[in-house]
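Here is a plain-language walk through a two-chain structure. Have a look at it first, then read on.

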Amino acid sequence: MSVCITLVGGAGTILAPLVFDVEAIKKLRTLGICGILTGTLPSATQQNVFLSVPLRLMPEEAMWLYINGHAHFKALPGPTATAVERLLEEESEEICKAAEERLQQSFKLQREYKLEQHRKKLEQLGINQPSKEDHPDSARQSKETKLMEASLFIETPTMSTILTKINDKFGDEQAKIDRLLCILVAQFSNWDNYLLFQALKNEGYVLSPGARFGGKYIAYPGDPLRFHSHLVIRDALHYKNEPLDFLELAAGARLGTTVKKLWVIGAPTRESDAHDSAKTQDNVSFYSVEWAGFG
Amino acid sequence: MTAAGNQDVSAVEGAVRTNLVHLQGWRDVEVQREGFMWHGRLLRLLCGRRPASVAPPEGEASSDIEYILPVSLAQHSAEPVTIECLDRIFAELCGPDTSRILLAIVSDDGTIVFYFLHKGIHKPKKN
């Protein structure tokens, strides 16, 4: 299954790559791509662990998935608010009708399930279910029905139906997507950082944004729900032309050591990427720094 | 001997040696004679034996020799140490099995702070 990553782009700018499908998000998790859940409801705003779809990916994560054949992109010209507005103007009745139908279908299934459960329970208790025709106590029956109606759930779909309609409308011409990808890479990151990301990913690390510990990425040795992170990775250095800033090194490594992490610096070695970009993964020179414990 | 004579030891190298010997309790600390020219400066390591209080690199309890790279906090633009430079240090100035060096950063007031530089990706210590 190729995961669909949505790129919302406007005039020269682009928002983060987003994934809207829950099944796709599950698959990404098994690939060690976690992203950050960002979705919330305007009427009941939440943060952190309570957030829902869409999943926001780092540009490096999106690029890695694309390069390794796990994902394809879909362009969604922004601003989306205008697109949704126009869609609602044209098709609001249809969308409303579809939603109502879905709701009624869900109620119908729930009612059938509940009646079946009720019948089974009575059977177990040895009470014979009186058939509706010869039951005179209709008041009791309607009370039961009322109770059941009140217990039905309204299910919020995990996928936006409007979004798929917008996707259908705009299509996904390759040229447009390529242009958006260029903007994405230029706007958010640089290729050296991607090479660091790729090298760590190939070592089995799971990466997430690193601002919390003062780095570019933080790296977990497995799923972030099972492990503490081991590494704080600094922005990629230039192999020949970018000197270490020792004050920054001291700050990064001292903080890292107190939170049981190593502070990692890395630079892609230059000679590699000129000839063979597939080989570059082996050609990042990393150093892990920790406080020596004295001085 | 591979040690440099007293007279041609730079101020930074001398400060680190004094600190290690007299404050941190290291033994046999010497400035190595071999080095390479780097941005107009002779880049050399110190080597010495760490005290028992300093943990050995993981899985290398046998030898207690450490290599020390002395740098000045202020030098970072004048005498840059790049990743390329670190690669050369590990390749040319250390023993073949050296997995880490000790970075000694000397600041203007004489304070020296020490950091371990591990080659490649390492796991943090278990504690």
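Two strands pair if DSSP finds at least two bridges between them. Strands here (E, at least two residues) and helices (H or I, at least four) are DSSP runs, numbered from the N terminus. This is a predicted model, so to speak of local features a pLDDT of at least 70 is needed, side-chain atom pairs count only at pLDDT 80 or more, and totals for chains, interfaces and linings use all residues. Residues are numbered from 1 along each chain as its sequence is written, while chains are lettered from A and ligands numbered from 1 in the order in which they are written.

**Where the chains meet**

Let's start with the pairing that crosses from one chain to the other. Strand S10 (284-291) of chain A is joined by 5 bridges to strand S5 (residues 112-119) of chain B, and the two run antiparallel. Within that pairing, Val289(A) stands opposite Leu117(B).

How many residues of chain A are in contact with chain B? There are 32 of them, touching 28 residues of chain B, where a contact means that the C-beta atoms, placed from the backbone, lie within 7 Å. On the chain A side, helix H8 (246-258), strand S9 (262-268) and S10 each give two or more residues. S10(A) gives the most, with 7 residues. By type, that side of chain A has 20 nonpolar, 5 polar and 7 charged residues. For that tally, Ala, Val, Leu, Ile, Met, Phe, Trp, Tyr, Cys and Pro count as nonpolar, Asp, Glu, Lys and Arg as charged, and the others, Gly among them, as polar.

Val289(A) turns up again in the largest nonpolar core, which has 89 residues; Val289(A) and Ala104(B) have the most contacts inside it. Such a core is a set of buried Ala, Val, Leu, Ile, Met, Phe, Trp, Tyr and Cys residues joined through C-beta atoms within 7 Å. Buried means that 20 or more other C-beta atoms lie within 10 Å of a residue's own, exposed means 12 or fewer, and partly exposed is in between. Leaving aside neighbours within four places in sequence, Val289(A) is in contact with residues of both chains, including Leu249(A), Trp263(A), Tyr115(B) and Leu117(B).

**Chain A and its enclosed helices**

Chain A has 9 helices and 10 strands. Of its 295 residues, 29% count as buried.

Helix H7 (residues 191-202) of chain A has 12 residues, which should span 16 Å at 1.5 Å a residue, and its end C-alpha atoms are indeed 16 Å apart. (The expected span is 1.5 Å times one less than the number of residues.) Because 9 of those 12 residues are buried, H7(A) is largely enclosed by the rest of the structure. Its buried residues pack against helix H2 (59-67), strand S6 (206-209), S7, S8, S9 and S10 of chain A. H2(A) is also largely enclosed, because 7 of its 9 residues are buried.

What follows each of these helices? After H7(A) comes Gly204(A), with a positive phi near 95°, and after H2(A) comes Gly69(A), with a positive phi near 75°.

**The annotated site**

UniProt, in an unreviewed entry, places the feature "active site" at Tyr220(A), His228(A) and Lys261(A). These three span 42 residues in sequence, yet no two of their C-alpha atoms are more than 10.1 Å apart, so they gather at one spot. UniProt positions are given in the numbering used here, feature names are shortened, and annotations may be inferred rather than shown by experiment.

Is His228(A) buried or exposed? With 12 other C-beta atoms within 10 Å, His228(A) is exposed, and it is found in the loop between S7 and strand S8 (231-233) of chain A. Tyr220(A), by contrast, is buried, with 20 such atoms within 10 Å, and lies in strand S7 (residues 217-220) of chain A.

**Backbone oddments**

The peptide bond from Val53(A) to Pro54(A) is cis, with omega near 5°. Two residues other than glycine have a positive phi, as listed here.

| Residue | Phi | Place |
|---|---|---|
| Lys260(A) | near 60° | loop between H8 and S9 of chain A |
| Asp28(B) | near 50° | strand S1 (residues 27-38) of chain B |

Lys260(A) counts as partly exposed, with 14 C-beta neighbours inside 10 Å, whereas Asp28(B) counts as exposed, with 11.

Methods:
Contact = placed C-beta atoms within 7 Å.
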